[in-house]
Structure formats: C-alpha cells, structure tokens
Amino acid sequence: MAGAKKNFKATKKFEKKHLKGVLDQRKATAKIKQRQQLKTKKQAKKSKDAEFYKGGEDGEKANRANGPKKTANVNNMSVDDFFGGGFEIIEKSQPNKKTSKKLGKRKRDEPNEDESASDEGSDLEISADEMPVASGSEDSDDEDVDDIGMSKSAMDALAKDDPEFYKFLKENDPEALEFDDADLAEVDELSASEEEDQPKKKRKKEKKQGKADDQEDGADNELTQAMVARWKAALTERYSLKAARQVVLAFRSAAHLNEDDEDEERKQPYKISSPEVFHDILIVALKQIPEVLQHHVPIKESSSGKVHVPTDSKKFKTLSNLLRSYISAILHLLGTLSDDATLKLTLSAITPVIPYILSFRKLLKNLIKTVVGFWSQSTSSDSTRITAFLVLRRLVVVGDKGIREAVLKATYQGLIAGSRVTNVNTVQGINLMKNSAAELWGLDQNIGYTTAFAFIRQLAMHLRNSIVHNQNESYKTIYNWQYIHSLDFWSCVLAEHCSPLKEAESGKESQLKLLIYPLVQVTLGAMRLIPTATYFPLRFHMIRSLLRISRSTGTYIPLASALLEVLNSAEMRKSPKPSTIKPLDFHVAYKAPKSYLRTRVYQDGVGDQVVELFSEYFVLWSTNIAFPEFALPVIVMLKRWLKQSRKKTGGNNNNKVRAGLVLLVQKLEANAKFIEGKRAKVDFAPKDRSQVDAFLKDFEWEKTPIGAYVVAQRKAGAEKAKMLEQARKEDERKRKEEEQEALEENAAELDSEDDEMEDFDEDEEDEDSSEDDDDEE
C-alpha cells in the first residue's frame with residue numbers, strides 16, 4: 001500500500017514538473033523527422049526528374065550539385081546488398097548529414113538572421129507555377145538555406161541554452177564553430193576556378209600582388225582607399241567574384257557603421273574611419289555589384305516584360321548568399337540615410353537586381369516594405385519618391401501574381417498612411433503619390449481589378465457602418481483626409497485606365513470599368529452623410545473626384561443636385577456677417593472652423609467654388625445635342641435663387657456671389673442657344689443613335705460659350721494659385737528669418753548671463769581671498 005502511494009506521488013510529481021516538457025520534446029522530434037523525410041523525398045524526386053529530362057550524365061551532375069544520393073540508394077537496398085556493399089562508403093557520406101541534422105534541430109528552434117532571408121513561411125503568397133524567374137524550383141533555394149549552417153548569434157544562443165551539446169560540437173566538429181563569413185566562402189572557390197582559365201604568367205603576377213596586398217592589409221582591418229580602388233579595378237576589368245565578395249563585406253560594414261559599440265558580439269570585418277573611404281565603397285558597391293551579377297548570371301527579358309534567370313546554375317546558387325547579404329545591407333543602409341542624392345543612388349541600385357531576388361520571399365517582403373516607406377514618407381523629396389516608385393513598378397512588371405498583389409496592397413497602404421496629414425506643404429507630394437500609384441493598377445488588370453474591388457468594398461463597408469451605427473463619433477471614420485484621398489485615388493485609377501484612348505490602344509474594354517458604378521455610389525453616399533455647411537469643403541473635394549471620372553470615361557454622373565443643395569442651405573440664403581479673417585483654402589481643408597461659419601469670407605469662398613464646379617460640370621456636355629434640355633432645370637433653379645436673394649427681408653445681399661451666378665446663367669443660356677442653332681440644321685431623328693453621338697464630335701469644346709468661360713476661369717485660377725504660393729513662400733522665408741533672429745538673441749542673452757556669472761564668481765573668489773588674508777593677519 002505504501003509503495004503504491006509512493007508511486008502515485010512520483011507520478012503526480014512527474015506530471016507537474018516534467019510531463020509538459022517531455023510531450024513538447026516528442027512533438028518537436030516528430031516534426032523534425034517529418035521534415036527530414038519530406039526533404040529526402042524531394043531530393044529523390046529531383047534526381048529522378050534530372051535523369052529523365054537531362055539524361056544520365058546531367059542527372060549525375062544534378063545529384064552531385066544537390067548532394068550525395070547515397071542515402072536514397074541505401075533505403076532501396078536489400079539486406080544482402082547492404083552488408084555486401086561494405087560500410088566505409090556509407091560512413092564517409094554520412095557525417096555531414098548528421099551534423100546538418102543536428103544543426104537543423106537547433107536552427108528550427110533558434111531562428112537566426114540568415115533564416116529571416118530564406119523563403120519559408122513568408123506572408124508573400126507567391127505561387128511556384130507563376131514564378132517568371134526560375135528554371136529551377138524553389139526547393140533548391142530552401143535546401144541551400146538549410147545547408148548554410150548556423151550563424152554566430154544562433155550558436156551563441158545554443159551555447160547558452162544547451163552547453164553540453166555545444167561542448168560536444170567543440171570537441172568533435174570544431175569547424176561548425178568557425179564563422180568568418182562562411183556564407184560567402186563559396187564565392188572565393190568559384191572565383192578560384194575562374195582564375196584557372198587565365199594565362200600562368202598573369203596568374204602568378206596577380207598572386208604576388210595579392211599576397212603583398214594581404215600582408216599590408218593583414219595587420220589591421222582598416223578599410224583604405226587603395227583597397228577600394230584595387231577592388232574596383234578587379235570588378236571593372238575581370239568582374240572578379242573574389243573582389244565582389246570583399247566589396248560586399250566592406251559595404252555591409254559601411255551599412256552597419258558605428259554599431260559595433262552598441263553590439264560587441266557583431267563585429268564587422270572592416271573598420272571605416274574616413275568619410276572618403278565610406279563614399280568610395282558605397283559608390284563601388286551600388287554601381288559595380290549589379291554589373292558583376294549581370295555578367296556572371298545574365299538575365300534574359302522578353303518583350304512582354306517577363307524575365308528568365310538561370311536559378312538552377314551553380315553560379316546562381318553560389319552567388320545567392322552574396323546577393324542576400326548585399327540586399328540586406330542596402331535595406332539597413334536606407335534606414336540610416338537622409339541625403340536625397342544618396343537615397344536616390346541607393347534606391348536606383350535595387351532596380352537591376354530585382355529579377356535575382358524574386359525567389360527570396362522574406363527578403364522581398366522587407367524590400368517592398370522599405371521602398372514603400374520612402375515612397376510614402378512626407379519628408380521624402382520628389383526625386384526620392386519617383387526613384388522608389390520605379391523600383392515598385394519594376395517589381396510589378398517582372399513579378400508573378402503574388403508579388404504584384406503584395407506590391408499593390410503595400411502601395412495602397414503606404415498612400416493611406418502618407419495622406420494622414422494634408423496641408424500646403426504635403427499636398428503636392430500626396431498628389432504625386434496618387435498619380436504615380438494609379439499607373440501600377442493598369443499593368444495587370446486582373447490583379448488590379450481584384451485588389452481595387454476589395455478596397456472599394458472596404459470603403460463601402462465603412463460608410464454603411466457609419467450610417468447604421470449612428471453614434472456621435474461614427475461619422476469620423478468617413479470624414480477624414482484618409483477616406484477622402486482614398487476615394488480620390490480610385491477616381492484617378494479609373495480615369496487613367498478606363499478612358500476611350502487607353503481602351504483603343506489596348507484593343508479591348510478595360511476590366512476596371514466595372515468599378516465606376518460602385519465607386520460613384522460610395523462617393524455620393526459619403527458626400528451626403530452630413531449635409532451641413534461645416535463640411536462643404538469635403539463635398540467639393542468629392543465632386544472634383546467624380547468630375548475627373550466623368551471627364552475621362554464619358555460617364556454621366558448627376559452632380560447638379562449636390563451643388564444646388566449647397567446654394568439652398570441656410571448658410572447661403574442669408575446675408576453674411578462682416579469679418580476680417582483670412583480666406584479659407586478649400587484645396588487643403590475638408591472642414592470649415594466654426595469661426596468661418598456665417599461670415600462673408602466663407603460665403604464668398606463657397607460661392608466661388610459652386611460657380612467653378614457648375615461650369616466644370618456643364619462644360620463636359622457643352623457639345624452634346626441635348627444640352628439645352630440638360631441645362632434648363634439648373635438655369636430655372638439658379639434664377640429662382642437669385643430672385644429670392646434680392647428680397648430686402650430674408651434675402652442675401654452678397655453681391656459677389658450673385659454676380660458670379662448671374663454670369664454663369666448667362667453662359668449656360670448662350671451655350672443652349674448655340675446648340676439649338678447647330679441642331680436646327682441636322683436632318684436625322686433622335687432615334688438614330690450613331691448620328692446623335694457624332695453630333696459636334698470634332699468641334700472643340702473651348703470654342704463653345706461655356707467652354708471659353710471655363711478656359712478664362714482656369715487661367716485666372718492658376719494665376720491666383722501662383723500668387724498665393726509666392727505669398728506663402730515669402731511668409732515662410734520671413735518666419736525662418738524671425739526664428740533665426742530669435743535664436744541668435746537667445747544665444748546672445750545666454751552668453752551675457754554666462755559672463756555675468758563668471759564676473760560674479762570672480763568677485764566671490766576675491767572676497768574669499770581678502771577674508772582669508774584678514775584672518776591670517
């Protein structure tokens with residue numbers, strides 16, 4: 001009985017302290033075994049495919065490149081064949097496998113930096129069937145990553161977590177603990193094999209020169225201009241891979257400059273103390289390395305934009321680690337740069353190497369995120385934004401469906417994040433982002449349609465939730481700059497890719513044309529969510545977005561009622577209060593402050609916007625045969641409003657608004673008479689649609705009465721905007737001068753205070769010394 005009780009206690013103790021760990025260890029072991037079995041099956045399948053496609057000799061070469069095939073043959077042996085074959089061959093081929101298996105276990109538990117650049121587990125859903133780069137499969141890249149081994153940080157973690165296993169490795173396999181850039185060591189081997197093709201005299205001369213240089217550089221790992229110049233000459237003359245390896249290592253040291261003090265465990269191979277050397281190594285790495293890659297692994301590009309990279313070649317597999325290190329260093333360097341010229345040079349160096357990194361999914365994900373960050377950053381200059389956009393465009397052109405979708409989603413998210421703050425300083429950059437990003441959605445309209453549909457549907461859901469859950473703050477999810485810029489961006493996309501000219505060039509109707517109706521409905525719904533005078537600027541922004549769609553695609557969108565609602569509001573029916581506040585800039589405002597409501601300044605601005613938008617709306621149909629009937633209801637409503645405004649009691653005595661509307665009515669009536677005179681001469685009936693559509697088709701709209709008015713109005717608006725921009729720049733210059741003067745005055749005051757304190761300290765010292773003298777006496 002006592003023994004059973006004792007066993008029960010031991011069982012409970014084991015369950016409490018050890019059972020969970022044992023179960024987790026068993027699960028981990030099972031997963032590792034499963035992974036190794038899958039890997040073995042893949043290797044066997046690849047070797048069979050190589051034999052089938054390439055024949056006997058090529059199949060054997062592929063087996064040697066992918067690793068020894070002994071294990072697969074041993075598994076298929078009978079017992080007699082196994083013992084008859086001996087043990088020496090099997091024992092020789094297995095130690096490396098054992099070590100890699102053991103390392104693989106730890107590598108799975110302890111992810112390192114190299115693993116972050118591998119292709120497994122990425123959020124980029126890139127299909128292997130769609131990959132345009134590869135003549136080799138993605139599995140080869142995964143195997144290359146597995147065969148690299150462990151990085152220094154992972155081995156340090158292993159020494160801390162499992163010291164017994166670390167000690168075992170130190171005694172039995174010390175090579176596993178050598179980390180002197182082992183991932184790039186294969187490049188030297190490949191470079192050495194290339195040097196064998198050179199004449200003997202030249203090889204001897206270069207070896208002597210290399211030994212002398214190594215002796216000079218061996219004493220200290222300080223990077224000098226002479227070393228960079230020597231590497232540059234080797235890259236330019238011979239496309240040397242050995243020099244490329246050293247350049248990448250030095251470039252990585254430059255990218256991680258001044259980080260050794262913070263992290264002493266990550267010592268870089270070179271020290272850089274001169275700004276001239278830093279500049280030289282950046283120029284050589286960013287300009288020469290892409291040329292070396294293109295020389296050794298040339299890219300073949302078709303007329304449709306698809307690229308072919310020989311990923312199954314030995315050179316590409318050897319250079320893949322150098323390529324990963326190079327791109328990782330560029331991404332790290334970008335985070336430390338602020339100079340526009342250097343940023344532009346660094347970003348432009350990414351474009352030629354994009355086809356090589358399409359199969360490195362995690363690295364590609366980080367690249368897209370970094371480039372989109374610079375493209376959408378409000379502090380980036382226009383040249384930096386354009387260079388970053390060219391990188392994104394290249395990714396969409398040469399990538400597969402998964403890459404294209406990832407780039408489009410990241411671009412849209414970057415646009416929304418970058419448009420959060422909109423003012424006179426940022427609005428030009430936001431417009432540049434919208435116009436450049438709109439081009440990407442037309443490169444692949446299948447992917448463009450699906451992503452655009454999903455994002456427009458998301459905007460519609462936000463609008464529906466705001467209407468259904470009518471709470472105090474629910475409207476703020478719609479009435480903000482990000483939502484306004486989203487609708488405006490999609491109007492840019494549809495206007496660019498659904499125009500008749502674009503469709504004529506492509507020879508087919510645009511797939512994106514189906515999105516015009518849902519976008520218009522969402523925009524009209526958002527416009528009327530809160531129809532108060534406070535949000536008239538937002539309404540004007542959305543009307544401009546819809547006018548862009550109507551102008552480019554020829555789609556009729558009823559907008560007159562939205563503008564008449566503004567005129568019939570209480571804000572515009574009553575006479576305004578006089579005020580001296582600054583006029584509101586409607587281009588960078590979606591909401592009018594309370595201090596502007598019912599003021600003459602605000603009413604004048606709203607009146608100008610209404611007249612401008614009415615004229616832009618009617619000029620779209622200025623040559624249409626039905627213009628007289630189309631403009632008649634609006635003319636009647638405007639005359640009614642003008643009649644109401646002339647009343648002494650309850651009218652609006654704002655002569656500026658009334659004068660603008662009177663002129664608009666005159667131009668509309670003149671255009672209606674012009675169309676009536678032209679259509680009086682036709683000899684076809686309204687049922688003849690082809691003749692109706694062809695009416696005044698070749699007539700220039702600028703020569704119509706309303707068209708000439710709009711041309712003059714646009715010219716006056718451009719001059720006014722130019723004057724305002726000059727005034728803004730002058731105010732900005734004066735403000736900076738005043739700030740500089742204030743800083744200088746503060747500095748002068750601080751200096752005078754310091755002088756006074758020094759004089760005070762000297763007086764105290766004199767008093768103390770005189771007191772000491774008195775005491776001595």
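In the predicted model, 22 salt bridges are present. Among them is the pair formed by Glu405 and Lys409, in which the closest N and O atoms lie 3.1 Å apart. Both residues belong to helix α20 (residues 401–418), and because they are four residues apart, about one helical turn separates them. Glu405 is partly exposed at 27% relative accessibility, and Lys409 is likewise partly exposed, at 35%.

A further salt bridge links Glu669 to Lys639, with a distance of 2.5 Å between the closest N and O atoms. Glu669 is located in helix α31 (residues 655–679) and Lys639 in helix α30 (residues 627–645), so this pair ties together parts that are 30 residues apart in sequence. The relative accessibility of Glu669 is 29%, which places the residue in the partly exposed class. Lys639 is also partly exposed, with a relative accessible area of 43%.

Within helix α33, Glu725 and Arg728 are three residues apart and therefore separated by about one helical turn. Their side chains meet in a salt bridge with an N to O distance of 2.6 Å. Glu725 has a relative accessible area of 25% and is partly exposed; Arg728, with 23%, is partly exposed as well. Elsewhere, Lys434, Asp488 and Arg548 are joined into one network by salt bridges that share partners.

Charged side chains also form a surface patch. Glu738, Glu741, Glu744, Glu745 and Glu749 make up a negative patch. Of these residues, Glu741 is found in helix α33, which spans residues 705–776. The relative accessible area of Glu741 is 46%, and the residue is therefore partly exposed. Since patch members must have over 30% relative accessible area and no salt bridge, the value of 46% for Glu741 satisfies the accessibility requirement.

An acidic residue in a contrasting environment is Asp400, which lies in the loop between α19 (382–398) and α20. Asp400 has a relative accessible area of 2% and is buried, because the buried class comprises values under 20%. The C-alpha atom of Asp400 is separated by 8.8 Å from that of Leu358, although the two residues are 42 residues apart along the chain.

Cysteine pairing was also examined. A disulfide is a covalent bond between the sulfur atoms of two cysteines. With a disulfide taken as a pair of cysteine sulfur atoms within 2.5 Å, the count comes to zero. Cys492 is buried, with a relative accessible area of 8%. Cys498 also counts as buried, at 1% relative accessibility.

Backbone geometry was considered for two loop residues. Most residues other than glycine have a negative phi. Tyr239, by contrast, has a positive phi near 50°. This tyrosine is situated in the loop between α13 (225–238) and α14 (241–255), and Tyr239 is partly exposed at 26% relative accessibility. A positive phi, of about 55°, is likewise found at Leu696, which is not a glycine. Leu696 occupies the loop between α32 (689–693) and α33. At 17% relative accessibility, Leu696 counts as buried, since this value falls under the 20% limit of that class.

Methods: Residues numbered from 1 in each chain as written. Predicted model: local features only at pLDDT ≥ 70, side-chain atom pairs only at ≥ 80, totals over all residues. Heavy atoms only, no water. Patch = residues over 30% accessible without salt bridge, like charges linked within 9 Å, V, L, I, M, F, W, Y side chains within 5 Å. Areas by Shrake-Rupley, 256 points an atom, 1.4 Å probe, with all protein chains shown as cover. Salt bridge = Lys/Arg side-chain N within 4 Å of Asp/Glu carboxyl O. Lys, Arg positive; Asp, Glu negative; His and termini not counted. Charge placed at Lys NZ, Arg CZ, Asp CG, Glu CD. Buried < 20%, exposed > 50% of the residue type's maximum accessible area, 1.4 Å probe, protein only.
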